Amino acid sequence: MFEEKMFIVVINSMGGKLMKKVELVEAVASKANLTKADALRALDATVEVLTDALAKGDRIPLVGFGTFAVSRREARTGRNPQTGEEVKIAARNAVTFKAGSALKEAVNR
């Protein structure tokens, strides 16, 4: 029996389309003249290297694109917006990204 599958396209607040991983892999494969399998391995390796470096607290500057870093968020007291009750928020590390000048220019063209 034929099952009809529904696909939902998510539009972000700026009106752009959400790019899925498979679309990113296809674009990288096309740009770099790689097979999709090679592009997928390269993308997965890049994500793994970035993740490992950030987990160690390293800062990763990619000139023209931007810088990935880890910042420390100290413990604090917040409020539950529904009840107004105070809630303790634990300290944690957060990943930050600061866009580079070339990326900012490309986005604002």
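Me: Which residues form a nonpolar patch on the surface, and how much accessible area do they have together?
Reply: Happy to start there, keeping in mind that this is a predicted model. One of the members, V28, lies in helix 1 and is partly exposed, with a relative accessible area of 31%. That passes the cut-off of over 30% for patch residues. The nonpolar patch is made up of M19, L24, V28 and L34, with a joint accessible area of about 300 Å².

Me: How far does helix 1 reach from its first C-alpha to its last?
Reply: Helix 1 covers residues 21-32, which is twelve residues. At 1.5 Å a residue, the expected value is 16 Å, and the model comes close to that. Just after the helix, N33 takes a positive phi of about 55°. The reach of helix 1 itself is 16 Å.

Me: Which residue forms a salt bridge with K17?
Reply: Side chains of opposite charge can pair when their charged atoms come close. K17 counts as exposed at 53% relative accessibility, whereas its partner is partly exposed at 24%. The closest N and O atoms are 2.7 Å apart, within the 4 Å cut-off, and the partner is E23.

Me: What separates R41 and D38 along helix 2?
Reply: The side chains of these two residues meet in a salt bridge, at 2.3 Å from N to O. R41 is exposed, with 52% relative accessible area, while D38 is partly exposed, with 31%. Because they sit three residues apart in helix 2 (residues 36-55), the separation is about one helical turn.

Me: How many salt bridges does the count come to?
Reply: Another salt bridge joins the side chains of R79 and E86, at 3.6 Å from N to O. R79 counts as exposed, at 56% relative accessibility. The count for the structure comes to five.

Me: Which residues form the one aromatic cluster?
Reply: The structure holds two aromatic pairs. F65 and F97 make a tilted pair, 5.5 Å centre to centre with 55° between the planes; this pair links the loop between strand 1 and strand 2 to strand 5, 32 residues apart. F68 and F97 are also tilted, at 4.8 Å and 50°, and they link strand 2 to strand 5, 29 residues apart. The cluster is F65, F68 and F97.

Me: Is F68 buried or exposed?
Reply: Two residues of its cluster make a handy reference: F65 is partly exposed, with 39% relative accessible area, and F97 is partly exposed at 38%. F68 has 19% relative accessibility, and the cut-off is under 20%, so F68 counts as buried.

How values were computed. Residues numbered from 1 in each chain as written. Predicted model: local features only at pLDDT ≥ 70, side-chain atom pairs only at ≥ 80, totals over all residues. Heavy atoms only, no water. Helix = DSSP H or I, 4+ residues; strand = E, 2+ residues; numbered from the N terminus. Expected span 1.5 Å × (residues − 1). Buried < 20%, exposed > 50% of the residue type's maximum accessible area, 1.4 Å probe, protein only. Patch = residues over 30% accessible without salt bridge, like charges linked within 9 Å, V, L, I, M, F, W, Y side chains within 5 Å. Areas by Shrake-Rupley, 256 points an atom, 1.4 Å probe, with all protein chains shown as cover. Phe/Tyr/Trp six-rings, centres within 6.5 Å; stacked < 30°, edge-to-face > 60°.
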